[in-house]
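Trainee: I am new to this structure and would like a close look at a single part of it. Could you take me through one helix and the helices it packs against?

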Amino acid sequence: MQPSRLRCEHREDVPCVDTPAPRFAWTLNADGRNRRQTAYQIRVWPDGAAHDDPTRLFWDSGMVESSETLEIPYSGLPLPPASTFVWTVRVRDESDIVHGWAEPALFRTALDSWGAVWIRHNPLVAPSTRPSDDASYPAELLDREEPSPYMRREFQVDSEISRATLYVTARGLVEVQVNGQRVGDNLLDPGWTDYHKRIEYQAHDVTAYVRNGPNAIGAILGTGWYAGHVGFDHEHPSAWYGHSPELLCEVRIEHADGRTTIVTSDGSWRATRNGPIRYSDLLHGERIDARYGLGGWSKPNFDDTDWSPVLVSETPEVPIIVPARAQPIRVTAQLKPISVTQQASDTFTFDLGQNMVGWVRLAVQGPRGTRLELRFAEMLDRDGSIYTANLRSARAQDTFVLAGTNEIEVFEPHFTFHGFRYVEVRGEIDPLLPENLTGLVVSSDTPQTGSFTCSDEMVNQLQRNIEWGQRGNFISVPTDCPQRDERLGWLGDAQIFLPTASLNMDIDAFVSKWGDDVLDAQSPSGAYSDVAPRIVASTDGAPAWADAGVIVPWTHYRRYGDLRMLRRHWPHMERYLAYIERENPKLLWSREGMDDYGDWLSVDEHTPPEVIATAYWAHDASIMAQAADVLGNTERKIAYQDLYGRISKAFNDAYVDDDGRIRGNTQTGYVLALAFGVLPAEKRAKAAAHLVENIEDRGWHLATGFLGAGHLCPVLTESGYPDVAHRLLLQDTYPSWGYSIRHGATTIWERWDGWTKHAGFQTPEMNSFNHYSLGAIGAWLFEYVGGIRQGQDEFTYENVLIAPVPGDLAYARTTYRSVRGTFVSDWVQADSRFTLKVDVPPNTRATLTIPAGSGPLLEGGSSAQDAAGVTSVQRDEQFWTTKITSGHYEFQALGVQPARGPKF
């Protein structure tokens, strides 16, 4: 039994932690069945020491009698700041065998204080206005020039180095080079926070970059989210948080003789804006002019006499500067064009075959001064030209100007990103071929944890679209869309999609970080904001959007077991519930004259906003009761259970008739009432029947917007209509998931009618073709079609339910790498036989529900009742229910007709 996937503070890489008690977690690999951990032992020691040297250990837990593998807090000697530690773990199994130590993992401790100061380029020092050899530099480019600052300093190292660590952040974005080498592969650092309240920094091991003798460190700054264009408020086009980017960094050099040298950002640095990045903006793009090349600007002995001294910033300090909590933004994939079309003598359109987020690398050769303009689009217009109207005010244009070196020149931007499938390249380069261009896919580097495939290729494409939508919109924060002048962290969109997102990828650390953004944005009244970080959209308290402040921490806890995050959010959640009750003493949430998005982008249905709001309020109260129970607060649990009951009664008295018909008679009204449990038992079946009647009246089509789409198929399945859920899944006429796929979608569209055959494009005022909200059906694919899910009162996958709802699909294979290990559900129905192969990781158990036929239930060719690891087998008229321990199993139910799944 070997521990693997060692994680410290939710990450498998090398996090920098700012807590005196970082938490450790691991998963277990083991052969056989009924494998359990009965005890663990953790050791922590300084990097460079040996784990079996007792004089160097900071913590040896000894053998602790426990099966727990999550959230184990450090409990050793005080961890000194700015240090690197190694940790490992070994376990004892159910047979009292102590197994070997796991492959060690690293973590760093945070700085306790900064010796560095914020520095910036002197705005009074103007850059040159044009290359010296080009008197005809285009005026329209000069008007837009705001070159990126390049900064540098040199330093001397006079003795052997044992370790060098760079701590760096920016108000804006930063790339760092040491001795001519770019440090790390992080992009768009330090990410997006509310810079008035919180800024994150990165820690990089730069031991391999620093050397004895002369050294140089350099930094390039971009405006980013701090001083560039963010959102859609055109009255204030820039400088939301500040006016120009700033740098804060220090390099701590530990010498073999025990001394430490610290090189900091201070007034000794020099800067220039005469570098090749002539303009950069997250929304509008970047312009690089290679004629401004600076040669070895980040190497020692560079002549910087024409550079100017930096200014030490007078900007007030933010309250806290913290180590980055989540995985960094990186290039996670590369795409080559599937075609290139010549539109004119100087215009080429590349098709990357996939709506993606990031930028392109262009490799070309041409005369000095040749200008190439790149524009980006998600769709093509009817005439084959790129469709950019839906970008609104975002220019989304990169410009590259060649130095004319008689060699291939390679360009890619530094401080921008685009959402696109098509790239139009205009310039005097002929021909442009597919090999000249590469799409670089960029996102927060959250590890893949789930996969789903089945017998229907359209459904497989739907799953791919969901994953690509998540990949493109999880960039530091969960944004709504990556292409137009918006890209905001809408809370409603995130709470809807998070159950799906957390099955596709490990977003534990990502959501923990964004959770702090949500707290930073909460208003003094207790209302949560519409977006986090709070900017542009300054309103708050919108039903379903503000409710994310309660739903997100709870969803996160159920998936990952992060009790510390739940505790951190709890008082804020209480403030929010108090705010709602204060505003709505009659227990019916009325939003008259206030912010309310309703069931955003529903189709020909209007769910009364008070129905939505009150249902969500009840849902909040239910979550609060469960969270209070987890936190051990019995008094608050009882209070919130009472509130939930009172809101539910008020909801039914005001909005539900005796026949179970809900005011508005809309799909989303029924779905939310059923999903949130606000209906009494005698009305649930009636309400579900009205829901199905509505769907049938629409020709078996959905009508839900953002709020209903994710709950629709689970509610139908739980209400006894899995066949209707599957019918909606496989529908390919408008409106449906399949309709967009049939018309070429490679991501989830913002609206069901983003493009239709009869009407073409919807309004360009709001029409994203990469917007994950309607992809919230993905959780149903994993948890119901695949069948891997937690019970209502279960957390962190210690006990799971594997209950496939196959419909008429021939097979489906689902994997989910949970915090406790990887579960697999792999089923096939054919020839009157239902076969289910499952993997259940060590230290966990599962309950299986398998369609029953006229024959027996076998496991491994013999009676399931007698199989090792099977603890019970029961049968009713429709299903076998089997309880199993960890291990691999292959069940076969004989005499089974094509199943439509259990009736819950």
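What follows is a walk around one helix and its contacts.

Mentor: Please keep in mind from the start that this is a predicted model. The part I would choose is helix α15, which covers residues 778–785, and I will take its contacts with two other helices in turn.

Begin with helix α4, residues 491–504, whose axis comes within 7 Å of the axis of α15, the two crossing at roughly 65°. The crossing in which α4 passes α15 is left-handed. If you look for the residues that meet there, you will find Pro499, Thr500, Leu503 and Asn504 on the α4 side, while α15 brings Gly778, Ala779, Phe782 and Glu783 to the contact. Sorted by class, this contact of α4 with α15 holds 4 nonpolar residues, 3 polar ones and 1 charged one.

Now turn to helix α3, residues 457–473, which packs with α15 at an angle of about 125°, the axes lying 9 Å apart. Because an angle of that kind falls outside the parallel, antiparallel and perpendicular ranges, α3 counts as oblique to α15. Here Val459, Leu462, Gln463 and Ile466 of α3 meet Gly778, Leu781 and Phe782 of α15. By class, the contact of α3 with α15 has 5 nonpolar and 2 polar residues, and no charged residues.

Taking the two contacts together, Gly778 and Phe782 of α15 appear both in the meeting with α4 and in the meeting with α3.

Notes
Residues are numbered from 1 along each chain as its sequence is written. This is a predicted model: local features need pLDDT of at least 70, side-chain atom pairs count only at pLDDT 80 or more; totals for chains, interfaces and linings use all residues. Side-chain values use heavy atoms; hydrogens and water are left out. Axes are lines fitted to C-alpha atoms, for helices over the stretch in contact, and angles run from 0 to 180 degrees between N-to-C directions. Helices (H or I, at least four residues) and strands (E, at least two) are DSSP runs, numbered from the N terminus. A crossing is left-handed if the near helix is turned anticlockwise from the far one by less than a right angle, and right-handed if clockwise. Contact means heavy atoms within 4.5 Å. Ala, Val, Leu, Ile, Met, Phe, Trp, Tyr, Cys and Pro count as nonpolar, Asp, Glu, Lys and Arg as charged, and the others, Gly among them, as polar. Angles under 35 degrees count as roughly parallel, over 145 as roughly antiparallel, 65 to 115 as roughly perpendicular and the rest as oblique.
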